[in-house]
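Biologist: Could you take me through this model?
Modeller: Certainly; please have a look at it first.

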Amino acid sequence: MLLLKEDKAAVEGSATWALSDRVGLAICWALGLLFCAIAVAIVAYLFVKGISYLDLSMLTTPASAGFSQAESGGFSDALLGTLIVAVLAISIALPTGVATAIWLVEYGRPAALARITESTIEAIAGIPSIVLALFGTVIFSSTALGFLSRSSEGVVFGRSFFAASAMLSLVALPLVVASTREGLNSIPRHVREASYAVGKTKAATVRRILLPSSRPQVATGAMLGLGRIIGDTAIIIVLLGATQNFAPVEDAPFPLDYLRGAGTTLTNFVYEASPTGNLNQPEKAYAAAFVLLLMVLALNGAVDVVHRRARKVGTWSS
Amino acid sequence: MEFLTSPPPPIKRLELEDPPAALEVAPPAQPAGGAAQAPGGFTGARRSIGAPQFSIRRMEIDDVSVAYSDRLAVKGVSLPVRQGEVLSLIGPSGCGKTTLLRSLNRLTELTSTATLTGRILLDDVDIKLIEPTLLRRRVTMVFQQPNPFPMSVFDNIAYVLREQGSRRQRKKTLEPAVHSALARAGLFEEVKDDLDHPALKLSGGQQQRLCIARALAAEPEVLLLDEPCSALDPQSTQVIEDLIVKLRDDVAVVIVTHNLQQAYRIADHVAFMYLGDLVEYNSATALFGSPREQRTQEYVSGAFG
């Protein structure tokens, strides 16, 4: 046993390496440490700033017009707006993305169509969200889609939670597709065949074996997508109306009145409250940014939990 | 720090020519003569089974050829598959034995380039006329790599018993069938205390027996095994070999193996394939003891492979 340990140390140590290899290793090590330091700095800075400025009442009071920061309220509408946008957009992106990935990996016929779909999704992933937003204004201002936003006398406003969420789902979609595909592709072929070999159909195999097996990757895709959704600002500014409060439409029942109306999210609030924005109340910007950061950290934690649970189930030896 | 301070110790070679005296008790049904001059060290003592008690023809492979695109993988093979016997397909890599096995439950159809000519009958019905999912419940298969599904031991079996993707049928109603499938695969005693244990956390040998239990849960008539022991250690291999021999009375067993000793130990009939052709089909003792064909003789004596 002792001998084994010594051998291991001898193999892993870098003392015998050539100088250039040792310098390379040192650079990798230093860079890794640098990124850790940057991440820790950002989180720590926002924590300190955020906690000192964050007042729990900010989470429950909407923004209001006022001459001083004491009078201008909090960002409850923005917080709620972020949640609404996140739920709406991911509930479009997740089923669409998973279904697309299943089709691409498990069926993929006709092959030409599958190839086109693949490159289309890659193209969507590459489009800047401000361009998607601009495109969205064209789509959602059309008369046919007037029921998704405020419209009066044939003029469609084209900006609403529906419109913003629909375009935001396109931001998340490629991430969901990519990681679901990765999950499905990581399942050995003989596992599928084992299911077919006891008389199961492809549909049953997908539902009971393949999708449950790729749950961690699907979750990762969804969480990454959610992160992009709640972090996006361009689409919110262009397609959500970027008001400071909810602006529900009058002629619709709850909750459609809110969803068809304009609103705001935390990213938009941070932008407006920052020194560049109209509100110029940086302390509240820090507080809102802190809340945003907490949300993203919570998403990361959730991915971790899913992966840890999957590890308990185990995987196939290769 | 220094590597390789001394040369590696010499490898101890086991002398296979003279099996220990304890093993020389041949099974009663074994013919006494012939075994001694078997090529490649195959002697009667290494057979772990007696002659079959009965045999019923379940499948009939009739002049079957399988091609991938235009490359012929199996060329006009005819073979019977009988319940009460273990049929072993042997031959070097790429000889078509796995393709032939996979065509017995139409798994070859999953490869879009594969085409099959000839007839395969299951209880006198052409398998082309049997709906694939139904056929694959009657002719089930175990693979080279242990591949339990990523769920509990219980659910692995229950998945087979349930209708396609449904979750209907309660655990309680499925319990007897699950237990009996595990028992037939000789796994029940080891897992009965924790049927909720994740299947992928079992040992390799247990996983493979779970896969056999899964294949048996469908109550098949024919069990196909594609090198089921090649990823396992010798002890697990022996447990599974004993199990296969036990199963031959309930189901017709077809096993593909690379391991000639294994074929000799457990098979009643052996089919030797080479480059897609069926070179020789005979009882295990005859094929290993006195092969008719030159190529069989060379292969079983280790001249190539």
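Modeller: What follows covers the domains, the overall make-up and one hairpin.

Modeller: This is a predicted model, in which local features need pLDDT of at least 70, side-chain atom pairs count only at pLDDT 80 or more, and totals for chains, interfaces and linings use all residues. Residues are numbered from 1 along each chain as its sequence is written, while chains are lettered from A and ligands numbered from 1 in the order in which they are written.

Biologist: Which domains does the assignment give for chain A?
Modeller: It gives domain 1 (21-53) and domain 2 (57-310); such bounds come from an automatic or database assignment.

Biologist: How far apart are the C-alpha centres of domain 1 and domain 2 of chain A?
Modeller: These centres of chain A are 29 Å apart. Six residues of domain 1 of chain A are in contact with seven residues of domain 2 of chain A, where contact requires C-beta atoms, placed from the backbone, within 7 Å.

Biologist: What about secondary structure in chain A?
Modeller: Chain A has 13 helices and two strands. These are DSSP runs, with helices (H or I) of at least four residues and strands (E) of at least two, numbered from the N terminus.

Biologist: Now chain B: how do β1 and β2 run?
Modeller: Strand β1 (residues 56-68) and strand β2 (residues 71-83) of chain B run antiparallel, joined by nine bridges. Strands pair if DSSP finds at least two bridges between them.

Biologist: Which residue stands opposite B:Glu60?
Modeller: B:Pro80 in β2(B) does.

Biologist: And what is in the turn?
Modeller: Two residues lie between β1(B) and β2(B) in this hairpin, and B:Ser69 in the turn has a positive phi of about 50°.

Note on methods: Contact = placed C-beta atoms within 7 Å.
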